[in-house]
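Welcome, and thanks for taking a look at this one with me. Let's go through it as a short round of questions and answers.

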Amino acid sequence: MSAGLAESPTALADRGELALGLPESYLAAGHTLGSWLTSTDHKRIAILYAISITVFFFLGGAAATMVRLELFTPKADVVGADTYNKLFTLHGVIMVWFFLIPSIPTTLGNFLLPLMIGARDMAFPKLNLASWYLNILGGLLTASAMLAGGIDTGWTFYVPYATVFSNSAVSLGVLGVFVSGFSTIATGVNVIATTHTLRAPGMTWFRLPLFVWALYTTSLIFVLATPVLAVTLLLVVAERAFDLPIFDPARGGDPILFQHLFWFYSHPAVYIMILPAMGVISEVITCFARRRVFGYTFMVYALLAIAVIGFFTWGHHMFTSGMSPFAALVFSFLSFIVAVPSAIKVFNWTATLYRGQIGFESPMLYALGFVGLFTVGGLTGLFLASVPIDVHVQDTYFVVAHFHYIMVGASVSAYFAGLHFWWPKVTGRMYPETWAKFAAILMFFGFNLTFFPQFIAGYLGMPRRYHVYPPEFQIWNVLSSSGAAVLAVAYLMPLGYLTWSVLFGERARNDPWNASGLEWRTTSPPPRENFLGKPEVLAEPYNYHPEGAPPVKDQPRIPAQGSLT
Amino acid sequence: MSAGPTPPAPSGARIWRRALLVWAGLILLLGLSCLAAWAPLGGWTSAVNLGLAATQAALVAVLFMRLDEAGPLVRLTAACGLFWLAILFTLCLTDVLSRLANA
Amino acid sequence: MSAAEKLLLREPWDGLGLPEESALARQRAGATFGIWIFIASEVLFFGAIILLYTVMRLEHPDAFAAAARETNLVYGTLNTALLLTSGMLAAVASRMNEGAGARRTVLWCLAATAGLGLAFLAVKGIEYREDIGRHLVPGPGFPLPQPPAQLFFAVYWFATAIHGIHLAIGIGLVARLAILGWRDPAFLPDNPQVEVSLLYWGFVDIVWIFLYPLLYLPGRAG
């Protein structure tokens, strides 16, 4: 690369721009592929993760597109039963383990955690890089299972189907997920150790931004739940590859035990997806309402409570599995409890908005969309936590709609909110705001059009995981598939305009949103060392107005400025 | 976590003496486990054997893996592992035992 | 001393702006904390295997007692003693490594720890050969009449193999320290990697301490 490029603060900056004498950014610290693939800089690893999860997102999205295309009509006209099974399995496996679980923690989390606590890097930078390679290795293994003929078990790999009967490439796919599990454990160890050991002077536990708390609680789940999944999947491989009798009921095994072990991980995994999302939303809503977060300590305790209580509720996935009715009762009760901290969060975000000077920039639009979609997803979760309703709608599209509201509606909206919010910090560039607003609104409408009809179809009794259905459900499926088309456009748009902004966008100021966090107190994009001096924290987080001051009436809100000058 | 001044390291002989003492205790417990397995304890055999194993594990964790000198953070981490394991066992066995009781 | 500390100090701890000694102390504390988080994770990993065993045994108590009688108690007990001894040497190495005085002892202890680990694997290999010779592998030709007895041996093979893999990783880690420390006198003293590797070793010991009574001792009396 030429010397002129290396001197500019961002590697991709226009050479004709004025030299500002800013320190060299992390983007300019090396331009070769090798400098990225061997970097232990948490910011570069975050970019590596962002690229890989984007690839997986569109791979899983392609499978979903095929599924929705098939469901447009009641008859089988695009794919057959077998291919359909493989498509929804591919969609589920890729989206859960290679997009949703790593999405926010490894991209935004990796990039922002050291910046937010005033550290130079993660506690174990090499482990951080290793976790990306493990993730890629796992992804390649799982993707190669698709080339080896695909997997037809569904993302849950339920036994004895997955171990005794399925003739598809289950072992390969499962091994891929197993490997990626160690990637998330590595990330979890890193986040916990970093938060404990590398906080800047003055950054006490109750001054941490809620996003850091969210990452910390997510990492608790990473570390404590993932190993159980790893063993469970290894047992599936052992039963398939070595014919060991483990879960096979014909040989005395207990297939319900598989479900216990699987959901001990996979229920908290939902909280892996939603807790970081809650963290992002807390940052965005406070910034664009210009208010301190309402009830900071309660928000912290709610995050911790969700992470811990989330481990007590897995059995609500198993009410119809043959589990004992006594256990079903216990799990149902415990599942209702976890709604309490979730509701606290929704109420506190709403109270934060109250009498704030609310701006409707694109990150805020995504964030407000999150609150609505999360509320719908959470409330329908309560339906499913009560045994009689769950028995009625088990394995129907009601369940599909419910978890998509949480995992896609809420989590992905939050991911996009965070992506837009911190994009200027990550790339040093502003994106075209009008396009972004349009994409945010389109995503909200597309999402609801896709998944709300599924609640109705499911409640009326349409089962999931079939490629054909009785004609009376067609109206709901046509609505849903049309919504999916809208949603696809809304997901593709950011890919276009964000890429455009990296090349042609306006230079971002250090703090384009007038936000309060420590991550904004450095250049955009930050230098390799993150801060110019040694940061020290003197105030509470979300310092948007004096403590205890009532909201200021009738003051025009200073609009955020994108321009450097 | 002790980032402050560390106490002077104990002498080599003391380290050896202590370690050998713990080792002798562990081997003794191992012998006891073997004896208990053959002893006519009825339904208590497994409980006694697991109790002996838990004692051995505690000795290794506290004295060999140095939880005795570790700070509160490390002790809390170890306790978290056990607590979450307890969640897994308790709720899973709630189902299995109540299923067996009604079988 | 200072040159050695510079050698050991890694990013991001070198950027804290602290004096080298206290930066290294924080790095060591961080490394110890990190491996303990991983150990907590591993507790759940092996705990899930033990839960699998527990549920199967609750469902088939008699078959499990009959099957456990077939394991070789001599090899099992010998291996337990080997690992307990290696755990003691690991603990001595870890403590002796604080301060620069005892490099030879530390090296010797590390080598002996890895050697005992290898001896464990060798005994395990002999035991495996005997088990296979007696057809104690689930499938056709399995000697015991009760079908659930095969479940016991499924867990036996799975758990001992996973433990063996963990032990092999531990041997690799400890042997690496011994070789690097033997080549470079400045490598071992005060190096946080020593305690990290030996804590992992201790955990693998503990796993075996629980596997031993579960796999070898049931069904012996009466």
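A word on terms before we start: helices (H or I, at least four residues) and strands (E, at least two) are DSSP runs, numbered from the N terminus. Please also keep in mind that this is a predicted model.

Q: For residues 36-538 of chain A, how far apart do the end C-alpha atoms lie?
A: UniProt lists this span, in an unreviewed entry, for "domain: Cytochrome oxidase subunit I profile". Its make-up is 70% helix and 0% strand. The distance between the end C-alpha atoms is 35 Å.

Q: Over which residues of chain A does pLDDT stay under 50, with 30 contacts beyond four places in sequence?
A: Chain A as a whole averages a pLDDT of 92, and 93% of the residues score at least 70. One stretch with a pLDDT below 50 is residues 561-565 of chain A, with 13 contacts in the model beyond near neighbours in sequence. The stretch asked for, with 30 such contacts, is residues 1-14.

Q: What share of the area buried between chain C and chain A do carbon and sulfur atoms give?
A: The contact draws on 34 residues from chain C and 39 residues from chain A. Together the two chains bury about 3000 Å². Of this area, the share from carbon and sulfur atoms is 75%.

Q: Which residue of chain A meets C:E11 in a salt bridge?
A: Across the interface of chain C and chain A, the rule finds two salt bridges. There are also seven residue pairs in polar contact, with both residues at pLDDT 80 or more. In the salt bridge of C:E11, the N to O distance is 3.0 Å, and the partner is A:R528.

Q: Which helix supplies the largest share of the side of chain C that touches chain A?
A: Two helices that each supply at least two residues of this side are α2 (20-59) and α6 (149-183) of chain C. The largest share amounts to 18 residues, and it comes from α2(C).

Q: Is C:T71 buried or exposed?
A: This residue sits in the loop between α3 (61-68) and α4 (73-96) of chain C. Buried means under 20% relative accessible area. Because its relative accessibility is 4%, C:T71 counts as buried.

Q: Which residue's backbone oxygen does the side chain of C:T71 reach?
A: Leaving aside neighbours within four places in sequence, C:T71 is in contact with C:F152, C:F153, C:Y156, C:L215, C:Y216 and C:R220. The side chain of C:T71 reaches a backbone oxygen at 3.3 Å, and that oxygen belongs to C:L215.

Conventions:
Residues numbered from 1 in each chain as written. Chains lettered and ligands numbered in written order. Heavy atoms only, no water. Buried < 20%, exposed > 50% of the residue type's maximum accessible area, 1.4 Å probe, protein only. Polar contact = N/O pair within 3.5 Å; in protein donor to acceptor, adjacent residues only side chain to side chain. Contact = heavy atoms within 4.5 Å. UniProt positions renumbered as here; feature names shortened; annotations may be inferred. pLDDT = per-residue confidence, 0-100. Buried area = accessible area lost by both parts, 1.4 Å probe. Salt bridge = Lys/Arg side-chain N within 4 Å of Asp/Glu carboxyl O.
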